[in-house]
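Reader: I would like to learn how to read a few features from a model. Please take them one at a time.

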Amino acid sequence: MKKGNYVLAAICAVLGIGVIVISLGYPTAENYGTGVPGPGLWPIVISVVLLACTAIMVFRTWKMKPEEDTKIEVAGKGARRVYITMGILVIYLLLLQPLGFIIATTALEFIFIQWFAKKNPLITLAISLAVTMVVYCVFQFVLNVPVGSFGLIRWQ
Amino acid sequence: MSLLMEIFRTSLTPVVFLYMAVGVFSGICIGALPGLTATMGVALLLPMTFGMEASQGILMLLGIYCGAIYGGSISAVLLHTPGTPASAATAIDGYALARKGEAGRALGASTLASYMGGLVSVLCLWLISPQLAKLALKFSSAEFFLLAVFGLCIIGNISGENIEKGLLCGCLGILVATVGIDSVTSYVRFAPAGNYNLMGGISYIPIMIGLFAMSQAFENIEDIFTEEEVQAKITNILPKKEDLKKIVRIAPLTGLIGTFIGIIPGAGADIGSFVGYNVARSIAKEPEKFGTGSVEAISGPEGGNNGVTGGAMIPMLTLGVPGDAVTAIMIGALTIQGLTPGPMLFQQNKVLVYTIFLGMFIANTLMCLFGFAGIRLFTKVLSVPKVILTPIIFVLCVIGSFAMKNSLFDVWVMLIAGIVGYFLGKVKVPTSPAILGLILGPMAEKNFRTALLKSGGDPSVFFNSVICWFFIALIVISLFGGKIKAMLMKKKSA
């Protein structure tokens with residue numbers, strides 16, 4: 001937990017300082033002449049609060065007793081499975097535009113179900129196609145939410 | 001009376017009843033499945049309402065909300081795994097009863113207690129909301145600014161031991177909300193020139209879907225191969241006279257307490273449930289049986305958590321401030337329909353508001369009916385394999401975030417929010433404050449600057465009315481109340 005807290009603190013510190021630096025370059029109340037604070041004030045105030053919270057978190061983590069320091073699973077089998085899943089989803093989103101919803105999603109479902117359920121590939125393909133088509137038809141035709149406006153197979 | 005007739009004629013049509021029934025049914029199924037929360041259910045199914053009329057969509061979401069909060073008790077009783085965090089307290093005695101072979105008795109008590117808690121909250125919603133809306137009409141920008149600040153200060157109180165982590169997450173939410181064109185000066189903040197997606201601001205619906213549904217699905221992936229089996233036999237679901245007396249004595253009271261917890265911005269059904277459990281123990285006739293399978297111990301948290309549902313709707317409808325994460329999503333649902341939650345909703349859309357009140361009563365009644373009639377069916381839901389369910393959740397997350405604006409940018413936002421939410425969960429950072437920050441942050445900033453604009457830059461505008469001072473007092477209490485109480489206790493014990 002300690003390491004995780006320090007990593008989070010570092011990210012928040014960089015973010016907070018970055019926001020303050022950028023916001024200082026925005027117009028101020030004097031530029032508008034209406035007494036209204038400029039667009040930079042609010043992000044600066046929030047970033048200061050963010051930095052204060054980060055400092056408190058770092059202090060509490062530093063003072064944390066060894067028995068309170070729980071282990072975070074970031075490299076175990078389960079976590080690795082999650083990272084691979086995230087990677088697959090990133091590739092899926094990259095392919096979503098050129099391939100279209102039906103093809104990309106059927107492929108995505110096939111990969112996951114085959115990986116997790118280890119069924120006969122033909123059965124997996126049937127399930128993947130069925131899930132994709134049900135979701136697609138419910139949104140596109142029943143609920144009138146357009147989802148087929150891009151890719152190889154278009155309905156609009 | 002004419003209003004009631006108009007509601008039935010225009011809004012509560014058979015189609016709406018059907019949507020509500022679908023909502024309650026799917027809500028119970030979602031709640032019953034461990035790992036799927038009420039917030040996740042509402043976030044996932046929100047895009048389904050985009051093509052519906054406002055009343056249809058919002059009532060379906062309400063059905064999911066009520067159903068899911070109740071549904072969580074099914075796996076809590078049968079598997080000792082709360083389906084939603086709101087059922088954690090129910091798991092203690094519910095599972096103890098199930099182990100004694102009385103799972104049906106536990107589920108029956110939970111169904112009836114949930115119904116009673118829900119009914120009390122609907123009654124409070126009906127009585128309090130119009131009055132609060134009338135009062136809120138007197139609010140100017142200064143009052144709304146202080147209200148939003150109060151809501152943001154509450155973040156610390158709902159973050160448990162990790163107050164600084166909750167506040168940190170809230171700040172991240174507020175900062176994300178500042179991206180794009182500033183509503184007061186039209187100045188573009190934190191968006192590169194020409195990037196129209198960022199210039200338009202980051203929508204909070206994809207972030208919600210990412211934080212609550214996608215990150216939860218990632219967590220499910222970690223132990224995707226573990227399936228739990230329901231062993232318990234379910235008989236004697238209808239409560240006997242003896243149990244009925246206990247439920248009637250406890251559930252309405254904890255439902256009332258849950259309602260008031262729900263009114264506090266950010267405090268959700270999980271808090272209502274544990275407070276309900278403690279209250280039930282303090283007024284129980286057999287407190288010594290708590291922990292060993294007591295019907296009173298089930299009635300307390302179940303009344304409390306369903307009480308929160310109506311309570312959370314009160315600030316959402318009257319002030320535009322979410323009572324919890326689910327009502328934050330409902331603000332999004334109303335906004336998409338072109339409606340702005342707040343006092344003006346009661347003036348301009350009276351029929352819709354009262355349809356929601358009546359719909360909430362119907363949703364609770366449907367929940368009770370489904371609970372008693374279909375409990376055996378819902379236990380079957382627990383057998384749905386995670387290996388199929390989780391990939392479906394991924395697709396629903398994608399389609400849900402895409403559907404709002406037909407934008408792939410939103411899908412990326414959702415995925416990033418999901419990944420961030422997953423890692424935040426690892427370091428025990430609560431993600432609900434981010435949503436409060438996303439909604440209340442812009443509200444606070446806009447009203448702060450509008451108030452100063454109206455007063456010509458005079459900051460005394462924030463101290464000019466009794467309502468302002470009331471909110472200032474609430475802010476001080478929410479920030480320092482706990483510390484002052486601890487100091488007084490220390491002094492007393494010394």
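Author: What follows goes from chain-level features to one helix and then to the cysteines. The model is predicted.

Reader: Which secondary structure elements does chain B have?

Author: Chain B has 21 helices and two strands.

Reader: How is the radius of gyration of chain B to be read?

Author: The value is set beside the one that a compact globule would have. For 494 residues that would be near 23 Å, and chain B has 22 Å, so the two agree. Along the principal axes, the C-alpha atoms of chain B fill a box of roughly 70 × 55 × 55 Å.

Reader: What share of chain B is buried, and what makes up its surface?

Author: Of the 494 residues in chain B, 62% are buried. The accessible surface of chain B is about 18,500 Å², and carbon and sulfur atoms account for 65% of that area.

Reader: How are the contacts in chain B spread over the sequence?

Author: Take the contacts between residues at least 6 apart in sequence: 80% of them join residues at least 24 apart.

Reader: How should I read a single helix, such as H5 of chain B?

Author: Begin with the span. H5(B) covers residues 88–99, twelve in number, and reaches 17 Å from its first C-alpha to its last, close to the 16 Å expected at 1.5 Å a residue. Next comes the direction of the side chains. An α-helix has 3.6 residues a turn, so residues three or four places apart point the same way. The buried residues of H5(B) include Ala89(B), Asp93(B), Ala96(B) and Leu97(B).

Reader: Which helices do the buried residues of H5(B) pack against?

Author: They pack against H4 (54–79), H6 (103–136), H12 (269–283) and H13 (295–319), helices of chain B. After H5(B) comes Gly101(B), with a positive phi near 85 degrees.

Reader: How many disulfides are there over all chains?

Author: The count is zero. A pair of cysteine sulfur atoms must lie within 2.5 Å to be a disulfide.

Reader: Why does Cys153(B) have no such bond?

Author: The closest cysteine sulfur, in Cys171(B), is 11 Å from that of Cys153(B), which is too far for a bond. For Cys468(B), also in no disulfide, the nearest cysteine sulfur is that of Cys153(B), 15 Å away.

Reader: Are Cys153(B) and Cys468(B) buried or exposed?

Author: Buried means under 20% relative accessible area. Cys153(B) counts as buried because its relative accessibility is 13%; Cys468(B), at 1%, counts as buried too.

Reader: Where do the domains of chain A lie?

Author: The domain assignment gives domain 1 (2–68) and domain 2 (77–142). Their C-alpha centres lie 39 Å apart.

Definitions and conventions
Residues are numbered from 1 along each chain as its sequence is written. Chains are lettered from A and ligands numbered from 1 in the order in which they are written. Side-chain values use heavy atoms; hydrogens and water are left out. Buried means under 20% relative accessible area, exposed over 50%, partly exposed in between (1.4 Å probe, protein chains only). Domain bounds come from an automatic or database domain assignment. Helices (H or I, at least four residues) and strands (E, at least two) are DSSP runs, numbered from the N terminus. The radius of gyration is taken over C-alpha atoms; the globule rule is 2.2 Å times the number of residues to the power 0.38. Contact means heavy atoms within 4.5 Å. Accessible areas come from the Shrake-Rupley method with a 1.4 Å probe; for residues, only the protein chains shown count as cover. The expected span of a helix is 1.5 Å times one less than its number of residues.
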